[in-house]
Each structure stands twice: as C-alpha cells, then as structure tokens.
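These are my notebook entries on what I looked up in this structure, beginning with one strand pairing and going on from there.

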Amino acid sequence: MTPTVTPTSPPLRRFLRTLPGVRAVVEYAVRNKPVLTKDECDQFHGAGFLVFDPDVPEAVIDRAVHDVVNRPEVKGVTHHGTRVFNGWKWSRAIRHMALAPRVLRILRQLYGREPKPFQTLNFPIGTEQKVHSDTIHFNSDPPGYMCGVWVALEDIDLNNGALVYYPGSHKFPVLRMEDVAPGPGTEHYPRYEAHVEHLINTKGVEPAYGVLKKGQALIWAANLFHGGSSHRDKSRTRHSQVTHYYFEGCQYYMPLESYGGYRHLRFEEWIR
C-alpha cells in the first residue's frame with residue numbers, strides 16, 4: 001500500500017517557519033538555491049563574463065545616481081577618471097546594490113563560497129581606462145576568488161563609453177609585477193598596461209562591449225582583461241556602479257604592491 005502524505009495547512013506552515021531551527025533551514029535553502037542555468041554557468045566559466053539581471057529596483061538605481069551627482073567631488077567634474085569611492089558608506093542605494101540578494105546568490109552558485117563585497121566604485125561618465133585585469137590590483141590565496149559586478153545605472157552603448165572586455169582572456173596566465181617591471185608600485189603601472197596591450201595584440205583576442213540596458217549587470221572573473229571604450233558623445237553621462245567581491249576563507253592581497261617573496265596584504269572593511 002502506498003502511504004498518503006497529508007499536506008500541512010498554510011497557518012501550520014507559517015508557524016513552522018517561525019521556529020528557529022526551521023527558519024534557519026529555510027533561509028539557508030533560499031540563500032543557496034541555484035539561480036543560473038548550467039548553460040549560464042558554463043558561459044561564465046568559459047568566457048569569463050556573464051550578463052544578467054541583478055533584480056535591483058529602478059527606484060534604488062535612480063537614488064544611487066542622485067546620490068552620486070550631488071557629491072562635492074563630482075559636481076562640475078567631467079574628466080574620465082571621475083569616480084566615487086566606497087559610496088556604500090553614505091548611500092543606502094549604493095549599499096543596496098552591493099548587497100543585492102540575487103547578485104549574492106549568483107556569486108555563491110558560481111564560486112561555491114560566501115561572497116564578501118569590499119569596495120564600490122560609481123562612475124558618472126565613461127572611464128576610457130586602459131585595458132587591465134583586476135588581478136593586478138586585487139588577488140587572493142587560493143587564487144581566483146575575486147570578481148567584479150558592473151551595474152548599468154542608465155542605458156549604455158558604444159557612444160557613451162561602454163565597458164570593453166576580452167572573452168576568454170581570464171584563462172591567460174596571471175600577470176605579476178615581477179613579469180613586467182623591475183619593482184612594485186604605481187610608478188611601474190604603465191609598464192603593466194603596455195605589456196597587456198602587447199599581449200592582447202599577440203594573442204589576437206577580439207573585444208566585446210558592455211552594451212547594457214539600465215538595470216542590467218555584468219560579472220567578470222578576476223583575470224578578465226577589461227577597460228573603458230572611447231566615450232564618443234561627450235554630452236552624455238554613463239552612470240554605472242562596480243562592486244568588487246572577495247570570497248570567504250582566503251588571504252587577500254594587492255599584487256601591484258607585491259614583489260618577489262613579499263605580499264602586500266589587504267585587511268578589508270566588508271560591506272554589510
């Protein structure tokens with residue numbers, strides 16, 4: 001005889017979820033429920049990037065833009081290095097995006113560890129930044145447990161400074177300052193940029209561009225080469241937010257300031 005299962009009533013289910021042990025199990029299941037399909041996971045690990053919906057409300061996006069444009073360091077400033085560091089400390093909207101539940105669930109699925117956001121950067125216009133990988137600025141031991149998530153806060157196209165990136169380049173060997181310069185430090189960074197440019201030309205990898213609609217996001221692996229494409233229409237803004245994430249259980253360090261046997265460690269203030 002096949003046993004029958006009597007479903008619990010809605011009031012009973014609600015009561016059970018209030019019990020500490022049950023609530024913890026439910027929360028764990030929700031936090032770790034897969035979001036991406038196998039094809040999407042394969043796309044990320046194979047190409048080093050993925051465009052996705054971070055499920056951030058439009059009101060939060062608009063508030064983040066409002067908060068940025070009203071900062072004293074941004075008003076009247078239009079050069080391509082303009083950016084706001086760690087706005088999460090004073091903007092609830094910027095912090096909300098850094099901690100967006102769907103983003104964190106996707107990162108848990110892709111990396112198998114708890115994501116630890118540690119830095120936000122908000123850009124009112126395109127950066128036109130030269131191509132680089134984040135592994136020259138942030139790395140971890142074990143390696144690879146770092147990524148960036150870039151959220152378009154308005155429609156972004158080839159005329160207002162789209163992100164440029166090189167699919168598959170995350171599989172290249174990680175460049176260290178020992179590979180490109182006689183020592184560590186920002187004074188040698190142009191040597192690193194020149195080496196990256198030469199490497200891209202030698203390998204013949206083709207660029208792709210982050211043409212995104214407002215509210216879309218792009219995640220890139222730590223070693224993916226990326227930068228800012230030409231900002232052709234200087235009358236337009238290009239509001240975006242990047243959040244950098246490490247993952248639990250790692251040692252974190254700054255390769256640009258490391259050399260030989262010396263490792264310049266990072267001790268982070270995690271975004272909470």
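Entry one, strand pairing. I began with strand S3 (residues 115-123), which pairs with S10 in the antiparallel sense over eight bridges. I keep in mind throughout that this is a predicted model. To fix the register of S3 on S10 I looked for a residue pair, and I noted that Lys116 stands opposite Tyr246 in S10.

I then asked in which sense strand S5 (residues 146-152) and S10 pair, parallel or antiparallel. The pairing of S5 with S10 is antiparallel, and it runs over seven bridges. For the register here I wrote down Val151, whose bridge partner in S10 is Gln241.

Entry two, the burial of S10. Having met S10 (residues 240-247) in both pairings, I checked how much of this strand is covered, and I found that eight of its eight residues are buried. In a regular strand the side chains alternate between the two faces of the sheet. I therefore listed the two sides of S10 separately, with Ser240, Val242, His244 and Tyr246 on one and Gln241, Thr243, Tyr245 and Phe247 on the other, and since the residues on both sides are all buried, both faces count as covered.

Entry three, a three-stranded sheet. I next turned to an open sheet of three strands, for which I recorded the order S7-S6-S9 and antiparallel pairing. Strand S7 (208-210) and strand S9 (226-228) stand at the edges with a single partner strand each, so one side of each has no neighbour in the sheet. From one strand to the next, the twist averages 30°. Looking at one pairing in this sheet, I found three bridges between strand S6 (residues 163-165) and S7, which run antiparallel, and I noted Tyr209 in S7 as the bridge partner of Val164.

Entry four, a helix pair. Two packed helices are described by the angle between their axes and the distance between the axes. For helix H3 (residues 38-47) and helix H6 (residues 101-111) I took down an angle of about 70° and axes 11 Å apart. Angles of 65 to 115 degrees count as roughly perpendicular, and H3 and H6 are therefore roughly perpendicular to each other. The crossing of H3 and H6 is right-handed.

Which residues make the contact between H3 and H6? On the H3 side I listed Cys41, Phe44 and His45, and on the H6 side Gln109, Leu110 and Tyr111. I sorted the residues of this contact by character and obtained four nonpolar, two polar and no charged.

Methods: Residues numbered from 1 in each chain as written. Predicted model: local features only at pLDDT ≥ 70, side-chain atom pairs only at ≥ 80, totals over all residues. Heavy atoms only, no water. Axes fitted to C-alpha atoms, helices over the stretch in contact; angles between N-to-C directions. Helix = DSSP H or I, 4+ residues; strand = E, 2+ residues; numbered from the N terminus. Parallel < 35°, antiparallel > 145°, perpendicular 65-115°, else oblique. Left-handed = near helix turned anticlockwise from the far one by under 90°. Contact = heavy atoms within 4.5 Å. Nonpolar A, V, L, I, M, F, W, Y, C, P; charged D, E, K, R; others polar. Pairing = 2+ DSSP bridges. Buried < 20%, exposed > 50% of the residue type's maximum accessible area, 1.4 Å probe, protein only.
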